[in-house]
Amino acid sequence: MLKLKKVAFFLLKLTDLSFNKRLNIGKKVKKICKKYKTKFLINDDALLAKKLDADGCHLGQKDVNIFEARKLIGKKIIGITC
C-alpha cells in the first residue's frame with residue numbers, strides 16, 4: 001500500500017501577474033494549505049506575504065532586503081537565495 005507523505009511547505013511562485021491577481025490566487029491557495037496544515041510561503045514578494053498573512057516568504061537577489069522584509073512580516077519564515 002502506498003503511503004503518502006505530508007507536504008510541509010508550499011511556495012507560491014507567480015510571475016508576470018498583477019498584484020491583485022496574485023493576491024486572489026494566494027487567498028485560494030492559503031485556504032488549501034490551511035486545510036492540510038502546510039506552511040504557506042510567498043516567493044519574491046514580502047508585501048504579498050504580509051497581505052496574505054502567509055507563514056513567510058522567500059527572497060531572491062533582486063527582491064527587498066531581509067531587514068525590510070522583517071519589518072513587513074515580523075517573526076515569520078524568511079528564506080533567502082545566497
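## Exercises around a predicted model

Once residues within four places in sequence are set aside, T81 is in contact with H58, L59, G60 and Q61. Keep in mind that this is a predicted model. With that said, let us work through it together.

**Exercise 1. Find where T81 sits, decide whether T81 is buried, exposed or partly exposed, and name its polar partner.**

Step 1: Start with the place in the chain. T81 belongs to the segment that follows β4 (77-80).

Step 2: Check the surface. The relative accessible area of T81 is 34%. Buried requires under 20% and exposed requires over 50%, so a residue with 34% is partly exposed.

Step 3: Go back to the contacts. H58 is one of the residues that T81 touches, and the side chains of T81 and H58 make a polar contact at 3.3 Å.

Step 4: Compare with a residue 10 places away along the chain. The C-alpha atoms of T81 and K71 are 19 Å apart.

**Exercise 2. H58 also appears among the contacts of D45; describe the setting of D45.**

Step 1: Locate D45 in the loop that joins β2 (39-43) to α2 (46-52).

Step 2: Read the accessibility. D45 has 13%, and buried means under 20%, so D45 counts as buried.

Step 3: List the neighbours. Leaving out residues up to four places away in sequence, D45 touches F19, R22 and H58.

Step 4: Look at the start of the next helix. The D45 side chain reaches the backbone nitrogen of L47 at 3.2 Å.

**Exercise 3. Describe the loop between α1 and β2 through T38 and K37.**

Step 1: Place T38. This threonine lies in the loop between α1 (19-35) and β2.

Step 2: Judge burial. With 11% relative accessibility, T38 is buried.

Step 3: Find what surrounds T38. Beyond the four nearest places in sequence, its contacts are V7, A8, F9, F10, C33 and D55. For V7, the backbone oxygen lies 2.9 Å from a polar atom of the T38 side chain.

Step 4: Turn to K37, found in the loop between α1 and β2. K37 is exposed, at 65% relative accessible area.

Step 5: Check the backbone. Most residues other than glycine have a negative phi. K37 is not a glycine, yet its phi is positive, at about 55°.

Step 6: Look for another example. D53, in the loop between α2 and β3 (56-59), has a positive phi near 50°. D53 is partly exposed, with 47% relative accessibility.

**Exercise 4. How many disulfides are there, and where do C33 and C57 stand?**

Step 1: Recall the chemistry. A disulfide is a covalent bond between the sulfur atoms of two cysteines.

Step 2: Apply the cut-off. The two sulfurs must be within 2.5 Å, and the count comes to zero.

Step 3: Check C33. Its nearest cysteine sulfur belongs to C57, 15 Å away. C33 is buried, at 4% relative accessibility.

Step 4: Check C57. Its nearest cysteine sulfur is that of C82, 14 Å away. C57 is buried as well, with a relative accessible area of 1%.

**Exercise 5. Which residues line the largest cavity, and how do they divide by character?**

Step 1: Count the cavities. There is one of 30 Å³ or more, and the largest has a volume of about 30 Å³.

Step 2: Name the lining: L12, K13, L14, R22, I42, N43 and L48.

Step 3: Sort them. Four are nonpolar, one is polar and two are charged.

Methods. Residues are numbered from 1 along each chain as its sequence is written. This is a predicted model: local features need pLDDT of at least 70, side-chain atom pairs count only at pLDDT 80 or more; totals for chains, interfaces and linings use all residues. Side-chain values use heavy atoms; hydrogens and water are left out. Helices (H or I, at least four residues) and strands (E, at least two) are DSSP runs, numbered from the N terminus. Buried means under 20% relative accessible area, exposed over 50%, partly exposed in between (1.4 Å probe, protein chains only). Contact means heavy atoms within 4.5 Å. A polar contact is a pair of N or O atoms within 3.5 Å; within protein, one must be able to donate a hydrogen and the other to accept it, and residues adjacent in sequence count only if both atoms are side-chain atoms. On a 1 Å grid over the protein atoms alone, a cavity is a set of points where a 1.4 Å probe fits but cannot get out, and a pocket is an open set with protein on both sides within 12 Å along at least five of seven lines; lining residues have an atom within 4 Å of a point. Grid points are joined across faces, edges and corners, and a volume is the space filled by probe spheres set on the points. Ala, Val, Leu, Ile, Met, Phe, Trp, Tyr, Cys and Pro count as nonpolar, Asp, Glu, Lys and Arg as charged, and the others, Gly among them, as polar.
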